[in-house]
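Let's take a walk through this model together, one chain at a time. Have the viewer ready and follow along.

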Amino acid sequence: MYSDKVMEHFNNPRNVGDMENPDGTGEIGNVRCGDITKVFIKVNGQGIIEDIRFRTFGCGAAIASSSMLTEMVKGRHVEEAVKITDIEVADNLGGLPPQKLHCSNLAADALKAAIKDYQDRQK
Amino acid sequence: MDRIYMDNAATTPLEEKALEAMMPFLKENYGNPSSAHTFGREVRKAVEETREKMAFLLGAKPEEIYFTSGGTEADNMAIVGAARALQDRGNHIITTSVEHHAVLDTCLALQEEGFEVTVLPVDQHGMVDPDDVRDALQDNTILISVMHANNEVGTIQPVEEIGRAARESNVLFHIDAVQAVGNLPVNVETLNVDLLALSAHKFYGPKGVGLLYVREGTKVNRLTHGGGQEKGMRAGTENIPGIIGMGKAMELAYSQLEENTRRMESLRDRLIQGCLEMEEAKLNGHPTRRLPGNVNVSFEYIEGEALLLSLDFKGIAASSGSACSSGSMNPSHVLMATGMSEQTARGAIRFSLGRHNTVEEIDYTLQAVKESVDKLRSMSSLYQGKGER
Ligand SMILES: Cc1ncc(COP(=O)(O)O)c(C=O)c1O
Ligand code: FES
């Protein structure tokens, strides 16, 4: 039911783990299933996301989406990164089964929360 | 190591001897058993011999056996058919919260038709209390439907005692014995049942065939209308190769029952013990009253589906939730009925062992589970900070 790309990211997730002194942290629970993703970002003076890490309690799709998202985000400006949608994440994974589409929300929303946390800290 | 199959509660591989028995009926013996000519009569004879064999093994009479397309159809025929037949006597049905959807959803469909349905709770091990059944009985109760053994957690229900309670109150008793047949001795007399559903593909027979046992004198309305097969109870040309294969598979299952049960129980206990030696793992279902091949364990901080995929990558086939509902995002209704938290329910994985599993496979699986659980926990947002414990 999952694409090869999903399985590949699931088995070899990129950028998984914790981060010391992140510039922003976001944690989102999926209301539909109770799964939880945490995202940590490191942002440089120009607003570029230099590093990103995630941790997920969730299904295969949630883990693969988190991993894919971190790849898409690294090196991008926060203003750009915040616009990444769950649909783009799913598309980059070669699609998700319909009942699993909500799983890609988790990563995208956690990133948005992390960027908001970063921006709040800048104020 | 070759791929390891530990999802025998979803379905089992077809037994070689059953396949051999089926072959002629896929080839030269293609007659329709309803035909009067020799082609038909030869097939009719084989079907009736299988009916006799199935009846004998179940402790029933051949006239009480109705072939179906599997467990789901047999459950539907039993529940809907009996409920409609007894409508003038009452409209109350008792079932349990851990039934397969083939029973649960059927009862809920009847509820929409105006029947009253009591769904009994279970204890932490997934067991129904026969006293709860007695207490739920009303003057208008017409049917009790309880599964013999649970497909997810393997818990074996006290069906004999519930059967006695049903008999004493003169209420029909249906059991879904789909998971039990081939794993436990199933006999309609000792179990006091009026209706019983089974499915061939759970005991190394072919898919898409099963049967409903209906005790002589029990009124059940037909659901399908047509050519009058199965004494008018189940219209439609029979699945002949399926029926023949089921007969052979059943014969083998019954002749090897004790031996297979003993072997599987020892493999099961080895796997359970190995899992429970891991950190924060918990056995779901009953500690002793469980199917000989069922292992259902929750690993905290991770998701069953993720564990399933990780094990699949290592060549091991297991299941999270039940086969039909994986892909849905609700935690299993069975695990939730045992009162555990949603998170623990989501961390559940089921291994259902079969005849073909070996000690070596169990040990390889334990190693793979340990690696996968560790890896997934290291990624889990819930496990954070627990790594050093
Ligand atoms: C307890 C139980 N009842 C009913 C069924 C449905 O049987 P079938 O697949 O033959 O329709 C199953 C199998 O998934 C089962 O485990
Ligand atoms: S099922 Fe919850 S994130 Fe996929």
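Which strands of chain A does helix H5 (residues 103-122) lie across? In this predicted model, H5 of chain A lies across E1, E2 and E3 of chain A, running at about 145° to E1(A).

Those strands are worth a look in their own right. They form an open sheet of 3 strands in chain A, in the order E1-E2-E3, with antiparallel pairing. Strand E1 (24-29) and strand E3 (49-57) of chain A each have a single partner strand and stand at the edges, so one side of each has no neighbour in the sheet. From one strand to the next, the twist averages 15°. Between E2 (residues 36-43) and E3 of chain A you can find 8 bridges; A:Val43, for instance, has A:Ile49 in E3(A) as its bridge partner. Another helix to find is H2 (residues 60-73) of chain A, which lies across E2 and E3 of chain A and runs at about 175° to E3(A).

Now turn to chain B. Its domain assignment gives domain 1 (4-11 + 257-381) and domain 2 (16-255), with centres 28 Å apart, taken over C-alpha atoms. The contact between them takes 30 residues from domain 1 of chain B and 36 residues from domain 2 of chain B.

What does this contact consist of? About 2800 Å² is buried between domain 1 and domain 2 of chain B, and carbon and sulfur atoms give 54% of that area. On the domain 1 side, B:Leu257, B:Arg289 and B:Leu291 lose the most area to domain 2 of chain B, together 26% of what that side buries. Between these two domains of chain B, the count is 0 salt bridges and 19 residue pairs in polar contact.

Notes
Residues numbered from 1 in each chain as written. Chains lettered and ligands numbered in written order. Predicted model: local features only at pLDDT ≥ 70, side-chain atom pairs only at ≥ 80, totals over all residues. Heavy atoms only, no water. Pairing = 2+ DSSP bridges. Helix = DSSP H or I, 4+ residues; strand = E, 2+ residues; numbered from the N terminus. Axes fitted to C-alpha atoms, helices over the stretch in contact; angles between N-to-C directions. Contact = heavy atoms within 4.5 Å. Domains from an automatic or database assignment. Buried area = accessible area lost by both parts, 1.4 Å probe. Salt bridge = Lys/Arg side-chain N within 4 Å of Asp/Glu carboxyl O. Polar contact = N/O pair within 3.5 Å; in protein donor to acceptor, adjacent residues only side chain to side chain.
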